[in-house]
Amino acid sequence: MALQQLPDYPWDLMAPYAEQARRHPDGIVDLSIGSPVDPTPALIRDALCAATDAHAYPTTVGTPELRQAIVDWFERRRGVEGLTLASVLPTIGSKELVAFLAFLLGLGDGDVVVHPVAAYPTYAVGAALAGARAFASDDPAEWPENTRLVWLNSPGNPDGRVLSVDELRAARRRAREVGAVLVSDECYAELGWEGEWADTPTPSVLDPRVTDGDHSGLLAIYSLSKQSNLAGYRAAFLAGDESLVSRLVTVRKHAGLMLPAPLQAAMVVALGDDEHVAEQKALYRARRAVLLPAVREAGFRVDRSEAGLYLWVTEGRDAWATIERLAAVGILVGPGVFYGEHSPQHVRVSLTASDERIQAAVHRLSALPQLRD
């Protein structure tokens with residue numbers, strides 16, 4: 001896909017359904033976008049305010065304090081050992097990194113970027129921006145020999161899928177065989193709900209059980225948008241192969257890609273405090289516990305969804321028909337086709353709504369007419 005052939009922004013197609021949902025007498029329940037609704041913790045806002053005397057240009061690599069906070073966080077929360085200040089890098093949110101990583105790594109015509117079958121669409125957009133070809137596959141055996149970049153996403157958006165240590169090892173092994181950089185988008189890692197992930201973060205691609213202590217060819221990216229309600233801050237970072245990080249730093253210096261100094265100070269505080277993350281997870285856990293059974297009782301099948309901020313559901317019919325049915329009762333959700341052509345009957349239901357709006361969704365789902373074959 002050439003740059004001039006980029007698709008229209010898909011969410012523009014949702015405008016008529018959003019308008020329909022807004023006409024509900026009690027207003028819209030917007031479960032379409034995973035944007036936090038809860039306040040940014042006060043300790044983070046205080047740190048931001050205290051750092052507003054930012055008269056000098058910030059550095060692309062970030063302050064030593066921020067880089068050390070990232071290293072410490074990976075070791076404390078993800079069990080990742082061996083990172084140094086030179087193997088981590090803050091970014092202006094994670095979306096810009098996803099969109100431009102293929103370009104920053106020098107990919108182009110003839111190169112393949114692999115991404116999950118049900119996937120955040122920016123992985124494919126990033127391939128297009130670099131002039132490379134996107135290829136959807138969850139099976140490492142299918143990855144072409146000319147694959148140069150592989151995106152993993154665990155827990156997954158939209159489906160909440162968690163990749164096991166064995167699956168991560170298999171992906172690493174195949175990426176090495178074809179000479180590809182393996183990047184794991186892990187921004188929902190603190191939000192596991194079921195099985196062994198209910199109380200611990202999900203595995204990182206940099207986990208020593210995956211890497212055997214060797215980070216070469218590997219990068220993990222993380223965002224504070226979800227765990228700390230910092231979506232408006234644009235606060236994210238990457239870690240892994242020191243040589244890859246060095247290459248990205250050089251390009252990003254030339255491009256002027258740097259995180260504002262007050263945000264760096266806020267990130268240091270956010271990364272050092274686990275209590276607010278646990279409190280936010282408890283809020284989402286409670287909302288999920290209310291919404292999940294209501295979705296099932298309304299006739300939907302919930303697939304995967306063992307982690308992350310979404311329920312990946314289907315009623316066995318075209319997603320747009322489901323979107324329209326739910327909009328008629330004032331609920332807005334996201335169509336599965338936005339996440340790949342392989343999910344034409346799924347919709348994504350976000351947990352990022354207030355307690356009051358979640359309860360409104362439950363009430364409306366209970367009144368949703370049951371479909372009959």
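A pocket, as the word is used here, is an open set of grid points with protein on both sides within 12 Å along at least five of seven lines, and its lining residues have an atom within 4 Å of a point. The structure on screen is a predicted model. The tour begins with pockets, then moves to the helices and strands around them, and ends at a sheet and a cavity.

**Stop 1: the second largest pocket**

Select strand S3 (112-115), strand S5 (147-153) and helix H6 (165-178), each of which supplies at least two residues of the lining of the second largest pocket. Helix H6 gives the most, with four residues. The space in this second largest pocket comes to about 300 Å³. Its lining has 21 residues, and the closest to the centre are Pro116, Asp138, Leu152, Arg161 and Leu163. Colour the lining by class and it divides into twelve nonpolar, four polar and five charged residues.

**Stop 2: the largest pocket**

Now move to the largest pocket, which holds about 1,100 Å³ of space. To centre the view, select Lys95, Tyr120, Pro121, Thr122 and Tyr339, the closest to the pocket centre among the 43 lining residues. Then add the elements that give two or more residues to this lining: helix H4 (95-104), helix H5 (122-130), strand S4 (133-136) and helix H8 (224-228). By class, the lining of the largest pocket has 25 nonpolar, eleven polar and seven charged residues.

Keep Thr122 selected. This residue lies in helix H5. Is Thr122 buried or exposed? Its relative accessibility is 7%, so Thr122 counts as buried. Leaving aside residues up to four places away in sequence, Thr122 touches Lys95, Val98 and Ala99.

**Stop 3: helix H4 and the residue after it**

Two of those contacts, Val98 and Ala99, are among the buried residues of H4. Select the whole helix: H4 is mostly covered, with seven of its ten residues buried. The buried residues are Glu96, Leu97, Val98, Ala99, Leu101, Ala102 and Leu104. When reading along such a helix, keep in mind that an α-helix has 3.6 residues a turn, so residues three or four places apart point the same way.

Step past the end of the helix to Gly106, which follows H4 and has a positive phi, near 85°.

**Stop 4: Arg247**

What does Arg247 touch, not counting residues up to four places away in sequence? Its contacts are Leu104, Leu105 and Gly106. Arg247 itself lies in helix H9 (residues 242-255). Draw a distance between the C-alpha atoms of Arg247 and Leu105: the separation is 7.8 Å, although the two residues are 142 residues apart along the chain. Arg247 has 41% relative accessibility and therefore counts as partly exposed.

**Stop 5: strands S2 and S8**

Select strand S2 (residues 88-92). S2 is mostly covered, since four of its five residues are buried, buried meaning under 20% relative accessible area. Add strand S8 (residues 235-240), which pairs with S2 in the antiparallel sense over five bridges. To find one of the pairings, pick Ile92 of S2; its bridge partner in S8 is Ala235.

**Stop 6: a four-stranded sheet**

Next select S9, S10, S13 and S12, four strands that form an open sheet in that order, with antiparallel pairing. Strand S9 (301-303) and strand S12 (334-335) stand at the edges and have a single partner strand each, so one side of each is left without a neighbour in the sheet. Helix H11 (residues 275-297) packs on the sheet and touches S9, S10 and S13, and its direction makes about 0° with that of S10.

Look next at strand S10 (residues 310-314) and strand S13 (residues 346-350), which run antiparallel and are joined by five bridges. Which residue of S13 is the bridge partner of Tyr310? The partner is Ser350.

**Stop 7: the cavity**

How many cavities of 30 Å³ or more does the structure hold? There is one. The largest cavity has a volume of about 70 Å³. To show its walls, select Leu31, Leu291, Val295, Phe300, Val313, Leu326, Ile331, Val333, Val347, Val349 and Leu365. H11 and S13, both met at the previous stop, each supply at least two residues of this lining. By class, the lining has eleven nonpolar, no polar and no charged residues.

Terms used:
Residues numbered from 1 in each chain as written. Predicted model: local features only at pLDDT ≥ 70, side-chain atom pairs only at ≥ 80, totals over all residues. Heavy atoms only, no water. Pairing = 2+ DSSP bridges. Contact = heavy atoms within 4.5 Å. Axes fitted to C-alpha atoms, helices over the stretch in contact; angles between N-to-C directions. 1 Å grid on protein atoms, 1.4 Å probe; cavity = no way out; pocket = protein on both sides within 12 Å on 5 of 7 lines; lining within 4 Å. Points joined across faces, edges and corners; volume = space filled by probe spheres on them. Nonpolar A, V, L, I, M, F, W, Y, C, P; charged D, E, K, R; others polar. Buried < 20%, exposed > 50% of the residue type's maximum accessible area, 1.4 Å probe, protein only.
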